[in-house]
Each structure stands twice: as C-alpha cells, then as structure tokens.
Amino acid sequence: MKIMMASSEAAPFAKTGGLADTVSSLSLALANLGHEVKIVIPRYYNIDREPLEQLEGPLGVGTGGGEEWCAVYKTSLPGSPGKNTIEIFFVDHEKFFGRDGIYGTPAEPDFLDNPRRFSFFCRSVFQLCRKLRWEPDILHAHDWPGALVPVFLKFGEKYFPGFDNTKSVLTIHNLGYQGIYSKDNYWFTSLNWDVFGAAGFEDWNMMNLLKAGICCADKLNTVSRRYAEETRTQSQGFRLDGVLRYRSEDYQGILNGIDTELWNPARDKFIPAPYSSKNMAGKAKAKEALQKEFGLSGRADVPVVGMISRLVDQKGVGELFGPGYGSAFSICRDMDLQFVILGTGENWCENEIRSLSSRLSNFKAKIAYSEELSHLIEAGSDFFLMPSRYEPSGLNQMYSMVYGTLPIVRNTGGLADTVQNYNQDSGGGTGFMFDDLNPSAIYNTVGWAVWAYYNRRDDIEGMRIRGMNQSFSWEISAKKYIAMYEAALAT
Ligand code: ADP
Ligand code: GLC
C-alpha cells in the first residue's frame, strides 16, 4: 500500500510532543510490514537544509491568496529499513515557516497566520504527490494542522487523476487542540462558501479545522481505545463529542506503540550503562548519574520521582504546582523522596517550579527541552509521575515501564489502557493509579508508592520486571492501521 503521512511534526526533525514520535515510529512499523510510506512536514527554520537533498524546480501551490511558490527538500527517515526507505519531504516556504516555533512562540503561542500556514501546507501535500508522480492509496493526516487534507480530497482533489482512488484517514492525537479561527481565514483554503457548511467547518460562527477533518475523512481514529470512548462523551468531548458519536462507525481507538530501538535500556546511548530485566545494575548507575546531574544528594536508598512534561493544563500541572493549591510542595516536604522534573510550558508554571526548587532541597528542575536528559530521567527514576487531566495515549508511561520505572498515573485515556494498578494483596500491577484529579489524590497516590518502596520491596521489584517484560512495540497497532486503511479503501 502507498501511504503519505501529512503532519506538522515528525521526530527527530520537528517535535513538541508525542505526535512527532508517533508519526515517525508508526511510519517505520508500516515500512517494516512492507508498505511504501512517505512523510511530509513543513521545513521549519530550525531544520538545517544542509544535509537535505533539494528536489529540482519549485512547487506551486494554489491558495486563496493566489499561487504560492516553495522549494521541497527530502531525506530518508533515520532507522528506515534498508530496502524500503521512508522518504521524508520538507515543504520550504520562507514566509510561512522561516521563523522560530512550530505553532507559535512563548510570546505568541498560536501564530495569527496559522490557518493560512496550514491551509497552504495541506494543499502542498497534493502538489507534492503530483510532482513526484506518486499516487497514494492513503493520505493519512494528523491533528488539526493536517485536517484540511481530507477536506481538500473530498471537495476537489479526488475528481482529478492521481487522487481518484485515494482515501483519507485522520488521526486525532489530542482533541484539546482543534484549530478554531475566525471565518475571515476561510478564504485562505480557496474553497467555495457552500463547502463551509457541507464540510463541517461551522462552529458557533467560527471556522473549526479539526471538525471539518473529522467530517470529511473516510476513516478516523484516536490513539487509545479508552480515549476513543471518552471523546464521545460530553464531559471529555471538547464539544466535538456529537460529531464523533455521529461518525462512530468510522471512528476507533488504536493504541500508540513506542520505538523500541530508541527507547530501550539495553541499547540506550544516553544512559551511563545498559541494563535489562535480567541485570539491573545499570539502573542504579543511571540513578546515581541522575542525582548528580540535578544536584541531589547521591542516596541510593531514597525513591526518585521523575517527570517530563509539557507544562500545560492537560498534564495536571495545576493540581500539582498551582501556587498555594498544588500538592508538589507538601509531597516534597512530607515524604522522604527526591523529585526531578524536566519541562517547558506555561509561564506561571515554569516560575512556580523555579520557586519550589529554591525552597525545597529534594525538588530539582530543569526548565528546558532535552532528549538526552529525558532518557536519563526515564532510566534513573524509581517512579514517573503523570497526573494528566486527559491523555489520548501518552508515551512516557510506556517508556517508564520498559525502563523499570513505575508510573504513577491518573486513570484516564491511554494511561488507563497501559498501566495496571498495584494490588497490595497479590503484589500484582505495573504502576499506581488514582481516579479523580485533585491535589490530595496526587499526594495520596505518591504517598502510597513511596510507602510501597520502603515497605514492600519485593512487590516493587516484581512490578518493575513485569513492566519491563511487556511489549509496547508497534507491530500489533501498525496492523490495526493497515486494517483501517483497507476499510477506507473499501468505502
Ligand atoms: P504529549 O504529546 O501530550 O506531550 P506524550 O507522552 O505522548 O505527551 O509525549 C511526550 C513526548 O515529548 C515524550 O517523548 C517526552 O519525552 C517528550 N518531551 C516532553 N517534554 C520534554 C522536554 N522538556 N524535554 C525532552 N522531551 C520532552
Ligand atoms: C498527543 C497526546 C498524547 C499522545 C500523542 C501522540 O500529544 O497528548 O497523549 O501520546 O499525541 O499520539
């Protein structure tokens, strides 16, 4: 099957979160199953053109504002199987993408011209296929930045040779971001006004890009079974639950896998010594290195709780760090543990975390983005905290389990589908869970984990091994994607 992935992120070139990991590792898994996969993303300013190969000639893209011209670069996706290379293409347009930030900057979190930038990007996907003389079976779009791809296919492109047999699939990685803009921006899509209603853009007199993608895609999915259910409810449907219920027959949850080459304690180049469930000595070395890196006392006997997160409401940071309200301060004050966090995000939260680290000797933070440190935290921590308000899939809890680090998570979305709660009677489970998101639930559950660390050592070791022996590889999920593509082609 020929599959074109259209995404705003792909690891290792452009990443703000799990979307990037997922697009690249899903593509690798599909290629390993023998399918022909290509990826297209914008060429953001920080992607160095030097090692890339430029396609000959410019690419003309028709938009509402007239024809825009861009260059296209390409390279092969690192890790692609030798005989089935995945080409990744970069659409290079100075005015739209030659700036800092993917969606925005701290000063301007959502660029004003985002509807225009991503309309252009989605239209360029079709022009690129034409330029390559490559007729995809499936156009697989991701999240709101890719959501116009199914719309453009349905209302225009499919009537042209090259796309007459093509079907579209849209993956929702996060319903909290929909791309809602003033209708004035509709003009950049170059679609007629009768399409506005027919394609499902209408949203309380605004234009909703994700909603239109949901209405137009041949098949839809999100990234865990539980989240697919949650998004169909009024409380967690972000006002799109009705549309998702309406499309129920075509909508399912497929759990993300993880890249087991990149996230594997036996082969990880970012940790001091490799380890596995059979020989855990390297994990103790990683803990020591982590304590040193964060300036914590080098105690082997104390539990280290790690966290790596975008510091946004979705991740439960209000309940954890809200000034005078969040439980992080009392957790660190009352319990004999060490806490390390790596993250960037909302200003208030970054400031509060800085303030906590100046007040507490066992709380250390790096307000930064670092791939390397993220591996050290996964390996060196005993517990990994993810108190998410909602979590479509979540990758870090899976990384944690394969690194023998026990996740402490809220019972929601992909967290619920991947973590088994500790059973104090049998010693079973792979992590610690709580239901309601509030500061005392986080406090009590971290307390429970710390209690088990000091008083139920055998259970903790058993849980680590159980987690490490689980498989979160992509193979099963990639086959589910193929089944979804086949179902789309049969429509
Ligand atoms: P989300 O996509 O909602 O942020 P996921 O758990 O799916 O959540 O994926 C987050 C990914 O981003 C993980 O690979 C995580 O390690 C990475 N990440 C998030 N913040 C940072 C950071 N500050 N430094 C390094 N990696 C980060
Ligand atoms: C989103 C979700 C996260 C998911 C990721 C990749 O960013 O918040 O839960 O793992 O997409 O699908």
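How far is an oxygen atom of ligand 2 from a polar backbone atom of Gly394? The answer is 2.9 Å, and the close-ups below start right there. Keep in mind that this is a predicted model.

**View 1. Ligand 2 and its polar contacts.** Here we zoom in on the atoms that pair up with ligand 2. The backbone takes part through Gly394, where a polar atom sits 2.9 Å from a ligand oxygen. Side chains join in as well: Glu391 brings an N or O atom to 2.5 Å from an oxygen of ligand 2, and His173 does likewise at 2.6 Å. How much of the ligand does the protein cover? Taken on its own, ligand 2 has 310 Å² of accessible area, and 93% of that is covered by the protein.

**View 2. The shell of residues around ligand 2.** Step back a little and you'll find 13 residues around the ligand. Those that come nearest are His173, Asn256, Glu391, Ser393 and Gly394. Sorted by class, the shell holds eight polar residues, three nonpolar ones and two charged ones. Which element gives the shell its largest share? That would be α1, with three residues. Both domains chip in, too: domain 1 (2–257 + 474–489) and domain 2 (281–468) each supply at least three residues of the shell.

**View 3. The cis peptide bond at Pro12.** Now for a detail of the backbone. Most peptide bonds are trans. The bond that joins Ala11 and Pro12, though, is cis, with an omega of about 5 degrees. To find Pro12, look in the loop that runs between β1 (2–6) and α1 (18–32).

**View 4. Trp204 and its positive phi.** Most residues other than glycine have a negative phi. Trp204 is not a glycine, yet its phi is positive, at about 50 degrees. You can spot Trp204 in the loop between β10 (202–203) and β11 (206–208). Is Trp204 buried or exposed? Its relative accessible area is 75%, and over 50% counts as exposed, so Trp204 is exposed.

**View 5. Arg239, another residue with a positive phi.** Our last stop is the loop between α8 (225–230) and α9 (241–246), which is where Arg239 lies. Arg239 has a positive phi of about 65 degrees, even though it isn't a glycine. How about its surroundings? With a relative accessible area of 51%, Arg239 is exposed, because the cut-off for that word is over 50%.

Conventions:
Residues are numbered from 1 along each chain as its sequence is written. Chains are lettered from A and ligands numbered from 1 in the order in which they are written. This is a predicted model: local features need pLDDT of at least 70, side-chain atom pairs count only at pLDDT 80 or more; totals for chains, interfaces and linings use all residues. Side-chain values use heavy atoms; hydrogens and water are left out. Helices (H or I, at least four residues) and strands (E, at least two) are DSSP runs, numbered from the N terminus. Buried means under 20% relative accessible area, exposed over 50%, partly exposed in between (1.4 Å probe, protein chains only). A residue is near a molecule or strand if one of its heavy atoms lies within 4 Å of it. A polar contact is a pair of N or O atoms within 3.5 Å; within protein, one must be able to donate a hydrogen and the other to accept it, and residues adjacent in sequence count only if both atoms are side-chain atoms. Accessible areas come from the Shrake-Rupley method with a 1.4 Å probe; for residues, only the protein chains shown count as cover. Ala, Val, Leu, Ile, Met, Phe, Trp, Tyr, Cys and Pro count as nonpolar, Asp, Glu, Lys and Arg as charged, and the others, Gly among them, as polar. Domain bounds come from an automatic or database domain assignment.
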